[in-house]
Amino acid sequence: LYDVAVQFSKCCSPVPGDEIVGFVTRGRGVSIHRTDCINIINLSEIERARLIEAEWQIDAAEKLGSYLAEIKIFCNDRNGLLVDISRVFTEREINISGIHSKTSKQGIATIDVSFETKGRTEINSLIERLRQIPSIIDIERTTG
């Protein structure tokens with residue numbers, strides 16, 4: 001294999017277990033994106049020629065430790081909601097690196113949470129647990 005600079009894109013925060021693709025940048029090596037990343041989906045035909053196959057090494061998660069991931073939580077706003085959400089992260093010993101919440105006039109809260117994770121399995125399990133919190137409507141991974 002060639003010795004080329006590889007970085008994980010911040011727009012979609014790929015983690016082990018995600019389907020990924022490489023994008024050959026101009027002068028910065030290869031940037032790794034999730035295949036469902038909005039920036040990959042919206043590439044022009046000319047830019048698509050710069051996509052290359054990519055896959056996780058089986059031991060990648062252990063080597064690199066943790067990855068930054070982001071989810072968007074939609075819920076009916078209520079007292080104690082952020083406490084309930086952060087408790088799930090605390091119970092699982094998942095470090096929250098950022099949280100942003102805003103509530104519409106209709107009382108729908110949108111909460112963006114960025115956190116450190118070992119991979120997709122942990123994220124899926126976390127989302128499954130968060131969905132059990134009363135007043136949560138939907139949860140999605142951020143895709144750029």
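**Two sheets, a helix pair and unbonded cysteines**

The crossing of helices α4 and α5 is right-handed. This result, like those that follow, comes from a predicted model. Helix α4 spans residues 81–91 and helix α5 spans residues 120–130. Their axes come within 10 Å, and the angle at which they cross is roughly 140°. On the α4 side, the contact is made by Ile 85, Val 88, Phe 89 and Glu 91, and these meet Leu 126, Arg 129 and Leu 130 of α5. Sorted by character, the residues of this contact comprise five nonpolar and two charged ones, with no polar residue among them.

Helix α4 also has a place on a sheet. It lies across β5, β6, β7 and β8, and its direction makes an angle of about 20° with that of β7, the strand of residues 108–117. The sheet itself is open and has four strands, which follow one another in the order β6-β7-β5-β8 with antiparallel pairing. Where does this sheet end on either side, and why are those strands its edges? The edges are β6 (96–103) and β8 (136–141), because each has a single partner strand and so has one side without a neighbour in the sheet. On average, neighbouring strands here are turned by 15° against each other, when direction is ignored.

One pairing in this sheet can be followed down to single residues. Strand β5, made of residues 67–76, is joined to β8 by five bridges in the antiparallel sense. Within this pair, Cys 75 has Ile 136 of β8 standing opposite. Cys 75 has a relative accessible area of 0%, so this residue counts as buried.

The other sheet described here is also open and four-stranded, with the order β1-β3-β2-β4 and mixed pairing. Its edge strands are β1 (6–8) and β4 (51–53), each of which pairs on one side only. From one strand to the next, the twist averages 35°.

Strand β2 is a good place to look more closely at this sheet. Residues 20–24 form β2, residues 30–34 form β3, and the two strands run antiparallel with five bridges between them. Across this pairing, Phe 23 faces Ser 31 of β3, while Val 24 has Val 30 of β3 opposite. Five residues lie between the strands of this hairpin, and Gly 27 takes a positive phi near 85° there. Strand β2 also pairs with β4, again in the antiparallel sense, over three bridges. In that pairing, Gly 22 has Ile 52 of β4 as its bridge partner. Is β2 enclosed or open to the surroundings? Because four of its five residues are buried, β2 is largely enclosed by the rest of the structure.

Finally, the cysteines deserve a look. A disulfide is a covalent bond between the sulfur atoms of two cysteines. How many disulfides does the structure hold? The count is zero. For Cys 37 the reason lies in distance: the closest cysteine sulfur, in Cys 11, is 3.6 Å from the sulfur of Cys 37, which is too far for a bond, because the cut-off for a disulfide is a sulfur pair within 2.5 Å. Cys 37 has 0% relative accessibility and therefore counts as buried.

How values were computed:
Residues numbered from 1 in each chain as written. Predicted model: local features only at pLDDT ≥ 70, side-chain atom pairs only at ≥ 80, totals over all residues. Heavy atoms only, no water. Pairing = 2+ DSSP bridges. Axes fitted to C-alpha atoms, helices over the stretch in contact; angles between N-to-C directions. Buried < 20%, exposed > 50% of the residue type's maximum accessible area, 1.4 Å probe, protein only. Left-handed = near helix turned anticlockwise from the far one by under 90°. Contact = heavy atoms within 4.5 Å. Nonpolar A, V, L, I, M, F, W, Y, C, P; charged D, E, K, R; others polar.
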